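Please examine the model shown here. The questions after it concern how its chains meet and how some of its strands pair.

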Protein chains: 2
Amino acid sequence: MRTHLCGQVTESDLDSEVTLCGWVNRRRDHGGVIFVDLRDHAGLVQVVFDPDREEVFARAEQLRSEYVIRMTGRVRRRPEGTENPELTTGAVEILGLELEVLNAAKTPPFPLDDEDVGEDTRLRYRYMDLRRPVMQERLRLRGRVTAAMRRFLEERDFLDLETPMLTRATPEGARDYLVPSRTHAGSFFALPQSPQLFKQLLMMSGMDRYYQITRCFRDEDLRADRQPEFTQLDMEMAFVDEADVMGVTEELMRHLFREVMGIELDDPFPRMSHAEAMTRFGSDKPDLRIPLEFTELTEVMQAVEFKVFNAPANDPEGRVAALRVPGGAELTRKEIDGYTEFVGRYGAKGLAYIKVNDPADPANGLQSPILKFLPEDVIREILARTGAAAGDLIFFGADRADVVNEALGALRVQVGHDRGLVEPGWRPLWVVDFPMFEWDPDDKRLYALHHPFTAPATDSPDALRENPREAMSRAYDMVLNGTEVGGGSIRIHNPEMQQAAFEALGIGEEEAREKFGFLLDALNFGAPPHGGLAFGLDRLVMLMSGAHSIRDVMAFPKTQTAACLLTDAPAPVGEKPLRELGIRLRAGVAGDGAQ
Amino acid sequence: MRTHLCGQVTESDLDSEVTLCGWVNRRRDHGGVIFVDLRDHAGLVQVVFDPDREEVFARAEQLRSEYVIRMTGRVRRRPEGTENPELTTGAVEILGLELEVLNAAKTPPFPLDDEDVGEDTRLRYRYMDLRRPVMQERLRLRGRVTAAMRRFLEERDFLDLETPMLTRATPEGARDYLVPSRTHAGSFFALPQSPQLFKQLLMMSGMDRYYQITRCFRDEDLRADRQPEFTQLDMEMAFVDEADVMGVTEELMRHLFREVMGIELDDPFPRMSHAEAMTRFGSDKPDLRIPLEFTELTEVMQAVEFKVFNAPANDPEGRVAALRVPGGAELTRKEIDGYTEFVGRYGAKGLAYIKVNDPADPANGLQSPILKFLPEDVIREILARTGAAAGDLIFFGADRADVVNEALGALRVQVGHDRGLVEPGWRPLWVVDFPMFEWDPDDKRLYALHHPFTAPATDSPDALRENPREAMSRAYDMVLNGTEVGGGSIRIHNPEMQQAAFEALGIGEEEAREKFGFLLDALNFGAPPHGGLAFGLDRLVMLMSGAHSIRDVMAFPKTQTAACLLTDAPAPVGEKPLRELGIRLRAGVAGDGAQ
């Protein structure tokens, strides 16, 4: 239907006749002539309809924004002074000779070039929103990323294998989307939160190297940057150790950035232990672009009388740490109050600080409400350890260690952004040497820091049984600019070790059998050592495209209440399908949809 | 962990030391020496453990089938006369120097080289079944097919875009898998039967060329060759007509067969109208490898007195047709009875036939129970029209046309296979010129032959409204060796035409608004002409791999009752998740799972 794409007509086409299809981006009438910016996915080109050509001019007079047309015309040079250097097509225009309206359009619900349209409107009319060049570019970037991923992996003998979407529901089914079965009424499938067990089974099936770009599902309260369905690059390899998996995946990441963005990432990626990351940055995914780090003060504060500091300093689960902000002495009272409120959201009960005017004069060169509670030698020690200079400010965190880490870690990122300290560029990082388990002081039990199939650093199931809280795992997370883009581990391939890991998590033999019997069986029939990794594709593309939300790199995302505004999903259904599924709505449940 | 793959050790490695990982395929003790066939995804290699090396020999004595090992050894030439030319590695063997058991294995539930294991056992222990080289090869072929598809399409500017899995449920929800929403209790998502509307919306979003290899879901009584979740290659293009879509997709198919199998398909694919296919083969997906076709006899039978023939011949919805079977006169009574029963399954009430001993002598040269009912001129006409030769047999179908087509069409295929008439090779075919709608004589209403979004051949909504039963569509099906591998159409892009199509289907304005309001809106905001096609990937790979079931080209398929025997899905869930979803089981529904 066309000879050229709109965005591709250039001076090399001068004097030739072209046929184009596209959308009327804008129509202007100027000096009796009609100008139309015609748009397709490749870009814009200017079309001119001259009143001398009456028939085609009359048709052009009907054109409105977003009409879909097909036109034929002659390419000519734009009059001097009217060129548009911002467009590939900016040196030319097309004199319209024929014009066919393929489809009319009502007045758009919002102007496509308006940057400030509310997200609900954008989602409701997503087919309009996606016509905007910025959205086109994001989805095209996503396509280039997945294409480059696939090629890289296939060249390295990774096999693209599909795993089921209708999988086994577990009895408690936390965060599972359930799918009632019609054939087996009263029973349910679950949509996969990840293909974890299936990819392990593929390794036990002798598939050697697997990958899949696949949809995963999680039914949870949606935080700003989560979606009920999201996409993973999922990988698994047999007969490997950590170095193999980390090697090929960081090479993949370098390849993607090089191919898609022309950027060279570090080779190799730096590595940092989980313990070091928590100590220095209070985070297991530190943003290394921000040149701020914690100063450990727990020991220093053990002997002070100031209870706010000495209580956590003497609590084995407590921590006292400082964050030096260069030039922070200029922060106003109001700004400091703002940060106090900010850390409060992470559970901190306050935000002590010292403004440093002259570090050499602790008696008169400092400003702080807490100075009077601290002996001078402690103050000197704080100044020495933080390396505070004149004009700096020191923030303090003192609480249970997890609260200090979360609150001061978030503050570090916030202050870094607020004060323009974020260095440009890309800072990948491997975080390694994770503990196997995390002790939940509220539930008084261990949780898996990754998942129950992660191999411990020890080869002895007894060692794991005897001291699970100290056990380290063979997991690794890939972090990029403060975002976890991927995570994985070497998996347990020994049935006894798997049993020991379940025990540490309080999963008894019967429960393990009930939930994971097929995995335990498979481990008994010749399971190879294996490990892998999963990347969050949406998150990664968001970072690469500079978008601020994963919704901006998905064609049809859902809202934060897990609804599709475009199609009004979810929706009520009739009585008949529910009856066939053997279920009914509970009394009082309205079933009146997402509206 | 390894220097070579098992299947890749050859004479070029002679005298070098190699480290391999893999599974013990078989262990034999022979002349005091232990022979192990070691297997990985690349193949088998023979490893020899010599009693002179006591420590490693002692370890080798523990090896059993499917143990996972890592071994180091020296490559040497096999003794003369013991080479195995069937293996790539058959000229060499490896003298074991070191041996590590990575994992033990219980006795396998079935021997991997047993070809006759029941499918239920294979599915329950799928991780064993997939270790078999034939299954490895099928899944690897599948990977090569999808990789070749993606490259072909990406080179042609098709963009890989993801569409939602949690989509809008329609009130009746026939064949939809429903997913209860937790956030909007009482409302439901549906898993997509295809991304049809989303891909059309992508065209309206200016995406120009889309493809996706995506999972689709259909909850229905499972015929032999259906799965509740299956995979489609889904495509859509804007600003195209039939020739564009058919051109690029048949080129894709030629590319796949050339790249993956080294086979050249027809260029171009032949085309046949739907009417011709039904007339000649009684099928809209004729297998052109079978050199049998129908002879039309409806007109001929209008005047005979034999009611079995004249009733359908005079019924406007009836048909009388013959199928000549070359050499079929040798069929026994029992065989003919078998075919009579066979066509009965398709609704035929009987199967008349004539054995032709001498076509030149209709009086004495024929054998048939129906001869006495037919006048001699009609018999001569039958012989002339069918072109029957001595030794042939003629079968008859006389019933409502749809019954004749289905029964005699199936018989044609069955007889073709039974009598070894199927010609080797690949016979692609486009079936075109479909009617828009099909009249259901039972429901007394029209159904869409493809789907309600298929464009009619006419541009006039009024023409469609006035005579929907005669309307032809712009749909096309790609058929390969009697299997429909793909189907598509040019879509409706005009809102008034879409409304007319809904009306023909008895979907009133309100219902259309309720179900497809977002589509009708989108058609009003500048929808380009567009069309596309979807391939059934499982079916295609099954054909290419020579497998007999799509289950054999899926890693983890479900049974014909839509259950996963490996993980025991679907399964009952507890009370808590159901309560959160606002649903309960109906009284009397057991919820006791797929077992």
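The following exchange takes up the contact between the chains and then a barrel.

Reader: On what basis are residues and chains labelled, and what kind of model is this?

Author: Residues are numbered from 1 along each chain as its sequence is written, and chains are lettered from A and ligands numbered from 1 in the order in which they are written. Side-chain values use heavy atoms, without hydrogens and water, local features need pLDDT of at least 70, side-chain atom pairs count only at pLDDT 80 or more, totals for chains, interfaces and linings use all residues, and the model is predicted.

Reader: What area is buried between chain A and chain B?

Author: Contact (heavy atoms within 4.5 Å) takes in 126 residues from chain A and 126 residues from chain B. Buried area is the accessible area (1.4 Å probe) lost by two parts on being put together, summed over both. Carbon and sulfur atoms give 59% of the area here, which is about 10,800 Å².

Reader: Which residue of chain A forms a salt bridge with D219(B)?

Author: A salt bridge places a side-chain nitrogen of Lys or Arg within 4 Å of a carboxyl oxygen of Asp or Glu. The count between chain A and chain B is 12. With the closest N and O atoms 2.9 Å apart, the partner of D219(B) is R182(A).

Reader: In what order do the strands of the barrel in chain B close?

Author: Strands are DSSP runs (E, at least two residues), numbered from the N terminus, and two of them pair if DSSP finds at least two bridges between them. Strand 1 (residues 17-30) and strand 4 (residues 68-77) of chain B run antiparallel, joined by 7 bridges. The barrel has 5 strands with mixed pairing, in the order 1-2-3-5-4.

Note on methods. Helix = DSSP H or I, 4+ residues; strand = E, 2+ residues; numbered from the N terminus.
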